[in-house]
Amino acid sequence: MAIFSKLGDYRNFALLVMRVGIGCMMVLHGYPKMLGGPEKWEKIGHAVSLAGIDGYFTFWGFMAAFAEAIGGILLVLGFLFRPAALLLLITMIVASMKHLDGGDGISGASHAVELAFVFLGMFILGPGKYSIDKS
């Protein structure tokens, strides 16, 4: 159909919609974790032990909260876009491992797995022209 053949002309607008939508949701997801403080960060940070990291759990938990909250803001702005997408990709891989190891199965891990694919795609594509990075 002719209408579908023109949608490719709106690639940059589509990237903006994805960046703003996913970015806002990540901020809403990560902001409470940022406010949780060191006790919450340590609890979150224990997930990295699944990747063979056996220490600094408070730091790693803070980094996960930071990646979600601040990384979400960076996605919305399209600023430092690829580093933010990479941090979010890593965070979602660890979250997926935590859900799978915790017995949640694929249905419990699916949100993190899906977002990992989204962030991988965003990392590859870049933020588009309606962004501070303009790539």
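Helices (H or I, at least four residues) and strands (E, at least two) are DSSP runs, numbered from the N terminus. The model is predicted: local features need pLDDT of at least 70, side-chain atom pairs count only at pLDDT 80 or more, and totals for chains, interfaces and linings use all residues. Residues are numbered from 1 along each chain as its sequence is written, and side-chain values use heavy atoms, with hydrogens and water left out.

**Exercise 1. Describe the overall fold.**

Step 1: count the elements. The chain has six helices and zero strands. From the N terminus, the order is α-α-α-α-α-α.

Step 2: take the dimensions. Along the principal axes, the C-alpha atoms fill a box of roughly 55 × 30 × 20 Å.

Step 3: look at burial. Buried means under 20% relative accessible area, exposed over 50%, partly exposed in between (1.4 Å probe, protein chains only). Of the 135 residues in the chain, 33% are buried.

Step 4: look at contacts (heavy atoms within 4.5 Å). Among contacts with a separation of 6 or more, 63% join residues 24 or more positions apart.

**Exercise 2. Test the length of helix α4, then trace its bend and its packing.**

Step 1: the expected span is 1.5 Å times one less than the number of residues. Helix α4 covers residues 57–77, so its 21 residues should span 30 Å; the end C-alpha atoms lie 29 Å apart, which agrees.

Step 2: find the bend, the angle between axes fitted to the seven residues ending at a position and the seven starting there. α4 bends by about 30° at Gly71.

Step 3: list buried positions. They include Phe57, Gly61, Ala64, Glu68, Gly71 and Leu75. An α-helix has 3.6 residues a turn, so residues three or four places apart point the same way.

Step 4: name the partners. The buried residues of α4 pack against α2 (11–35), α3 (37–45), α5 (81–101) and α6 (105–125).

Step 5: check the exit. Gly78 follows α4 with a positive phi, near 70°.

**Exercise 3. Repeat the analysis for α5.**

Step 1: the 21 residues of α5 should span 30 Å, and the end C-alpha atoms are 30 Å apart, which agrees.

Step 2: buried residues of α5 include Phe81, Leu88, Met92 and Val94. Their cover includes α2, α4 and α6.

Step 3: just after α5, Gly103 has a positive phi of about 85°.

**Exercise 4. Is Lys43 buried or exposed, and how many Å separate the C-alpha atoms of Lys43 and Leu7?**

Step 1: Lys43 sits in helix α3. Lys43 is exposed, at 69% relative accessible area.

Step 2: the C-alpha atoms of Lys43 and Leu7 are 44 Å apart, with their positions 36 residues apart along the chain.
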